[in-house]
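Thanks for coming. I will take this one region by region, starting with a strand. Please have the sequence and the structure open.

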Amino acid sequence: MGTLLRLLGEVAAHADGVPIDLGHPKQRCLVAALAVDAGQVVPADRLLERVWGDDAPQRSTLHSYVSRLRLALARVEGLTVEHRSGGYALMGAAVDLVRFRELRAEARSAPDHAVKLLTEALDLWQAEPLAGLPGEWAESERARLELERQEARHDLADARLRLGHGAQLVVELSARATELPLDERVAGQYVLALHQAGRTADALEQYRQVRDRLVEELGTEPGARLRELHGKLLADDTPATRLVPRQLPAAPVPFVGRGEELDSLDATGGTVVISAVAGAGGIGKTWLALHWAHRHAERFPDGQLFVDLRGFSPDTSPLEPGTVLRGFLDALGVEDDRTPSGTDERAALFRSLVADRRMLIVLDNAATADQVVPLLPGAGQCTVVVTSRRVLNGLVTRYGARHLDLHLLSDAEAHALLEQRLGAARLAAEPDAVTALLGYCRRFPLALGILAGRAATQPHLRLADLAGEVREFGVDALDDDDPAASLPVVLATSYQALTAEQQEVFGLLGVAPGPDIGLAAAASLTGLSQARASRVLRALQEASLLERGADGRYSMHDLIRSYAATKAPGDLRDAALDRVVDFYLTTAHAADRLLNPARPPIQVSAHGSPHPLEDASAALSWLAAEHACLLAAQHTAAARQRHEVVWQLAWTLATFHYRGGHPHDEVAVWKVAAESTARLPDPGSHCRALRSLGSAHALLGEQEEAVRQLKQALVLAEQHGDLTQQAHTHHALTWTLTRSGDDREALNHARRTLDLHRALGEPLRVARSLNAVGWAAAQLGDHATARAHCLEALELHRVHRNPSGEATTSDSLGYVEHQTGNHRQSVEHYRRSLVLYRSEGNTVEAAQTLDRIGHPHVSLGQLDEARSVWQEALELFRQQGQERDAERVQAQLDALEDA
């Protein structure tokens, strides 16, 4: 409880509820003189004046009183009287007067809670303040404090009158008006209380009496505020019994989640507050607004107005503001013959009527900001909640509206919604079907509600059958005769509100390859400039049909995308898909050239210019961002029978897949490429695809399938006398056989590769083949041959500035030196290899080198270094899904700990 000092009654102190003896009246007067300025220094001269008045003693007397007070407070922890320059300060106490003033200040800044705060403040008064204290200062302070108390009572009366509590205040204010017959504030309160109690005639008579008294005794008319109230009573602008509209429709149930959004709406306060809630049709905007409105209806004692503005209604046009205002005025009790004809005049009257009311105004389903603006109160204590499928920028920029973007439900919220509608038992009986339904709906509230409603009305319907309908028919499975319960109808109303250009782009986005799209790709898809495409995408985003992520990429909910795909113009669709596939191919090819400039390029079968990329780092970032879209683009090319493009896309991704650790994706793209190239007249393309597919299987450790594909590629190359394809395939067989432990056969293929590349006169491929011979020889224990071939390869790579080849050969030399006991030289070679691999982002080979460098570290007794590199290798292997390698490295780490 702490220490409490009471001044609003008899001066007293309590510590954790136990009274403290403050001594005789003069001693208590000293406490009060300090407590009215608790926590602040009170000069000694001021204390002498407050306690003793004109007969102030010497300062030594004050010191004596302070000493006795300190003694009385000694047993109270934290409560002290501190001596500071020229005076004293009372520290560590809670003072009821200080709390009273704090509560009044809070009530002024939070009018919604004024009644509670002011009631609490006045409850602190126990009796006359500073009761029992002698002296002029105490007397004058009592009078001043009584004035503060009286003002607080007036504030509380105003706050209760704002809530319409006049009938309960009539008796109290009658007595107060008698006590203060010339106080215009009290007179106005009493007049308004009589009026709210239905006694308007008495209110008018009371005003007349007050006016007569002011004229007779003070020679003045009532002030403007009191005259304005009188005018309203005479004109009956404020009816004797105020109509309190309660227009909120029933809130849709069940309601789940939306904690952050509800908290944001809870923060509304102050004067006119506009919370603009935006989101796609069916995302749950009205659901949220009505749930919040019903939960806080008590905050709006003067009523709640609600209107569906029909901004996106399937069968009617958006409501005109004048029509809405006519309905609002009717709800507020305005007779037909007193309703202005013009929209501006109606808006002005509406603002006048709600100016002194605390009301909630829910403007649902707004089409534009212009439709909303005439419906906004001008001032007062109203709160406005606007929902729209569009982002109403006009409300945000011109009226300071707080924008609230509504997103999908969380996975847990989506599951909870189904559970509340269908019951936990029904969901538990078909968990796989529930997972499928949640996956199809992707946490979209309307879709979930439609399916839950269908299942609820058909209790014997299997959820698996319901999921099958959605899987087969997509968004059409969520259609219904009731437009409000039909997702296609809801989406159609949003679509119809778009311009022709926006509709065209919306449809094309529905068929674009990949889960999302960047601006440059969208421009290629639509054939627009990037600046124009950006404007259209922003419009679709503001219409809540498109989302823009923090990474700047655009995406659609699957159900919206399914609908959009049905709107893709047939005559434009094919050309758009060709453009965007060409964009992906040309840019991926340019990116690969930056990542691996030593790799011989191909001539791509695509039109258009690539997206500009500055360097290898930018290329890597672009490939990572567009990876899923590139995979989808390949499938699009295959569906459109652009078989050259199919294998070329696979080719452009090889470096990225290899260095980034995407072996499964590498297998996938070359499977598609192998199927496409089988339909081409060029056997070289098919041979390349089979070889690349085999190498990809080898990376996954699928050696048998790898060798089968590679030998099929070799036979095809030999049948057509293609020496280049033979050389490449022998090289691929070398590494695949090495991985499977068939080192003798691997060496044979490596030597055949070297002979072919020397005959073809290709120095970098000669270097690569030299390294292959060296590695295979090292596996067989022929370290002299291995070293000689690898050193020759290293020199060629350096001469031709091929860091990728230098990294691979340095790794081979690291292995050779370790096997021959030259562990320090081995570590140096491995470190050089790591530097080069890391500079290229080649995490696959970096992981292998990290694994190998640990062994010479162990041989040198550098166990901490070995532990560090193996931990890093383990993490990379796990990230790449290389479980066998990860298990092997983990065993090495375990052995290191046991050593």
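Is β6 largely enclosed by the rest of the structure or largely open, and why? Four of its five residues are buried, so β6 is largely enclosed. Keep in mind throughout that this is a predicted model.

Now the sheet around that strand. It is an open sheet of three strands in the order β4-β6-β5, with antiparallel pairing. The edges are β4, residues 42-43, and β5, residues 80-84, and each of these pairs on one side only. Helix α1, residues 25-35, packs on the sheet and touches β4, β5 and β6. The direction of α1 makes about 85 degrees with that of β6.

Next, the pairing itself. Five bridges hold β5 against β6, residues 87-91, in the antiparallel sense. Two of the partners to look for are L90, which is the bridge partner of V81, and G87, which is the bridge partner of R84. The hairpin of β5 and β6 has two residues between the strands, and there G86 takes a positive phi near 80 degrees. On the other side, β4 and β6 run antiparallel and are joined by two bridges. V42 stands opposite Y88 of β6.

Moving along to helix α4, residues 96-109, where D96 is found. Which side chain of opposite charge is nearest to D96? That is R6, 4.5 Å away, and D96 has no salt bridge although it is buried. The cut-off for a salt bridge is 4 Å, nitrogen to carboxyl oxygen. Leaving aside residues up to four places away in sequence, D96 touches L4, L5, R6, L7, L8 and L124.

Now the charged pairs that do meet. The whole structure has 45 salt bridges. One of them joins D155 and R104, at 2.9 Å from N to O. D155 lies in helix α6, residues 136-162, and R104 in helix α4, so this pair ties together parts that are 51 residues apart in sequence. R104 is buried, at 13% relative accessible area.

R185 and D158 also meet in a salt bridge, at 2.8 Å from N to O. Here R185 is in helix α8, residues 184-196, and D158 is in helix α6, so the parts tied together are 27 residues apart in sequence. R185 counts as partly exposed at 27% relative accessibility, while D158 counts as buried at 17%. With E151 added, these residues belong to one network of salt bridges: R104, E151, D155, D158 and R185.

For a local case, take R708 and E705, whose closest N and O atoms are 2.8 Å apart in a salt bridge. Being three residues apart in helix α32, residues 703-719, they are separated by about one helical turn. R708 is partly exposed at 48% relative accessibility, and E705 is partly exposed at 26%.

Last, the aromatics. How many aromatic pairs are there? The count comes to eleven. In one of them, F506 and Y563 have ring centres 6.4 Å apart and planes at 45 degrees, so the pair is tilted. F506 lies in helix α23, residues 500-511, and Y563 in helix α26, residues 558-565, so the pair ties together parts that are 57 residues apart in sequence. F506 and Y563 are buried. Ring pairs also bring in Y495, giving a cluster of Y495, F506 and Y563.

Terms used. Residues numbered from 1 in each chain as written. Predicted model: local features only at pLDDT ≥ 70, side-chain atom pairs only at ≥ 80, totals over all residues. Heavy atoms only, no water. Buried < 20%, exposed > 50% of the residue type's maximum accessible area, 1.4 Å probe, protein only. Lys, Arg positive; Asp, Glu negative; His and termini not counted. Contact = heavy atoms within 4.5 Å. Pairing = 2+ DSSP bridges. Axes fitted to C-alpha atoms, helices over the stretch in contact; angles between N-to-C directions. Phe/Tyr/Trp six-rings, centres within 6.5 Å; stacked < 30°, edge-to-face > 60°.
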